[in-house]
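Trainee: I should like to understand the terms used for a structure of this kind. May we go through them one by one?

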Amino acid sequence: MLNKNRLLAPGPTPVPERVRLALAQDMIHHRKPEFKAIMAQVQQRLQKLFGTTQPVLSLACSGTGVMTAAVTNLFSPGEKVLVIEAGKFGERWAEICEASNVAVEKLVFDWGQAATAEAVAKMLDLHPDCKGVLIQLSETSTGVLHPVQEIANVLKDRDILLVVDGISAVSISPCFMDDWNIDCLLTGSQKGLMLPPGLGLIACSDKAWKKAESVTPSCFYFNLRAEKQKILQDQTLFTTPVSLIVGLNESLAMFEETGFDVIFKKQWALTMMARTALTAMGLELFAKDHFTWGLTSVLVPENVDATAVLAYANENFGVILAGGQAHMKGRLVRIGHMGWVDWADLAAGLHAFAEGCKACGGTIESGYLEKGLHAYHSALNVSDK
Ligand SMILES: *Cc1c(COP(=O)(O)O)cnc(C)c1O
């Protein structure tokens with residue numbers, strides 16, 4: 001009773017009351033008109049969210065499931081793709097390809113670095129047999145935002161599909177599938193969309209659908225071409241997670257009421273707040289220039305164990321933060337501020353993190369919260385972000 005629990009992880013994220021109430025409604029049948037009407041509305045709203053005129057398919061799976069669906073429906077065993085690897089989720093693309101017998105060429109960047117369009121172009125010149133480029137818009141393990149739009153420009157005149165994992169970016173920072181020439185965009189329910197985990201969303205360009213025609217999906221469950229036929233009738237191939245679709249309709253309604261320009265501005269302002277406050281603490285940010293808008297990654301002081309900081313923040317303040325993954329475990333803390341998170345939640349997160357660092361023997365400069373909040377308010381008041 002002392003503290004509210006505040007989930008400030010880069011997924012799962014808090015679910016607003018409006019969405020929770022929608023999730024709690026009576027079960028309805030997924031093949032009946034009542035559900036179809038909801039699905040039709042969800043479809044319209046999803047197209048707006050993705051910035052596409054293409055159908056957006058919903059799959060019952062986690063984010064990795066929908067990544068798997070992309071690989072197994074767009075590429076045949078033996079074909080080769082270029083994977084951009086700059087963190088845990090880039091590595092996952094490669095792992096999924098390898099499990100699906102799709103050959104992988106890797107373009108590797110250090111953790112904390114963003115890919116460059118020049119390096120991608122160079123790799124594709126060296127390996128012209130690549131049929132796809134697989135990348136994250138936001139690499140959640142490091143907090144880096146990759147320059148997907150610039151990379152799309154590199155692919156413009158090549159017969160290569162651009163496949164973008166937007167799981168920690170869609171609804172958090174601008175990402176317009178059609179305008180940016182993304183061939184396949186996917187996301188999951190538990191990050192920016194303010195929903196529980198369990199729903200994957202994916203859309204393909206005409207070019208990608210054409211490519212998919214030449215591929216026999218290696219797994220029965222993920223069949224995007226068959227799903228596309230179904231969604232044109234406001235249906236899914238198998239029993240859809242009805243409650244999650246009803247909840248999604250509610251969260252998309254909330255976005256619609258607020259407007260994505262305002263949502264993006266809020267996300268940017270929260271990012272400025274976190275980056276300013278953490279810098280003012282005297283700490284080093286992990287993603288230097290190309291940073292995502294839904295989480296902020298920071299290196300803890302040299303002598304401090306990040307895992308102990310997380311435990312302290314949780315036990316004493318009810319704040320749940322995320323640590324680093326793989327070799328960054330113990331060194332990195334990731335503060336999630338995507339979806340249903342506002343300035344007060346983030347202020348709580350920053351305070352809990354700072355107190356945790358101090359309790360674990362680190363030095364934290366004071367005055368960070370005031371500077372962070374100032375950055376938040378100035379970012380909100382600048383009209384062009
Ligand atoms: C969270 C996340 C995933 C994985 O999602 P799961 O739901 O855990 O399978 C994949 N890619 C990115 C960029 C993510 O942030």
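**The ligand and the two domains**

Mentor: Among the 14 residues around the ligand, those that come nearest are Ser-62, Thr-64, Thr-140, Asp-165 and Lys-191. A residue is counted as near if one of its heavy atoms lies within 4 Å of the molecule. This is a predicted model, in which local features need pLDDT of at least 70 and side-chain atom pairs count only at pLDDT 80 or more, while totals for chains, interfaces and linings use all residues. Residues are numbered from 1 along each chain as its sequence is written, and side-chain values use heavy atoms, with hydrogens and water left out.

Trainee: What makes the approach of Thr-140 to the ligand a polar contact?

Mentor: A polar contact is a pair of N or O atoms within 3.5 Å; within protein, one must be able to donate a hydrogen and the other to accept it, and residues adjacent in sequence count only if both atoms are side-chain atoms. A polar side-chain atom of Thr-140 lies 2.4 Å from an oxygen atom of the ligand, so the pair meets the distance limit. For Ser-62 the corresponding distance to a ligand oxygen is 2.6 Å, and for Lys-191 it is 2.6 Å.

Trainee: Why is the pair Asp-129 and Lys-80 called a salt bridge?

Mentor: The term requires a side-chain nitrogen of Lys or Arg within 4 Å of a carboxyl oxygen of Asp or Glu. The side chains of Asp-129 and Lys-80 meet at 3.3 Å, N to O, and therefore the pair qualifies. Asp-129 lies in the loop between α5 (117-126) and β5 (130-136) and Lys-80 in strand β3 (residues 80-85), so the pair ties together parts that are 49 residues apart in sequence. Helices (H or I, at least four residues) and strands (E, at least two) are DSSP runs, numbered from the N terminus. The structure holds 13 salt bridges.

Trainee: How many salt bridges are counted between domain 1 and domain 2?

Mentor: The count there is zero. The domains are residues 17-257 and 259-380, with bounds from an automatic or database domain assignment.

Trainee: How do you know which residues of the two domains are in contact?

Mentor: Contact means heavy atoms within 4.5 Å. By that rule, 26 residues of domain 1 are in contact with 24 residues of domain 2.

Trainee: What is meant by the area buried between domain 1 and domain 2?

Mentor: Buried area is the accessible area (1.4 Å probe) that two parts lose on being put together, summed over both. Here the value is about 2,100 Å², of which carbon and sulfur atoms give 70%.
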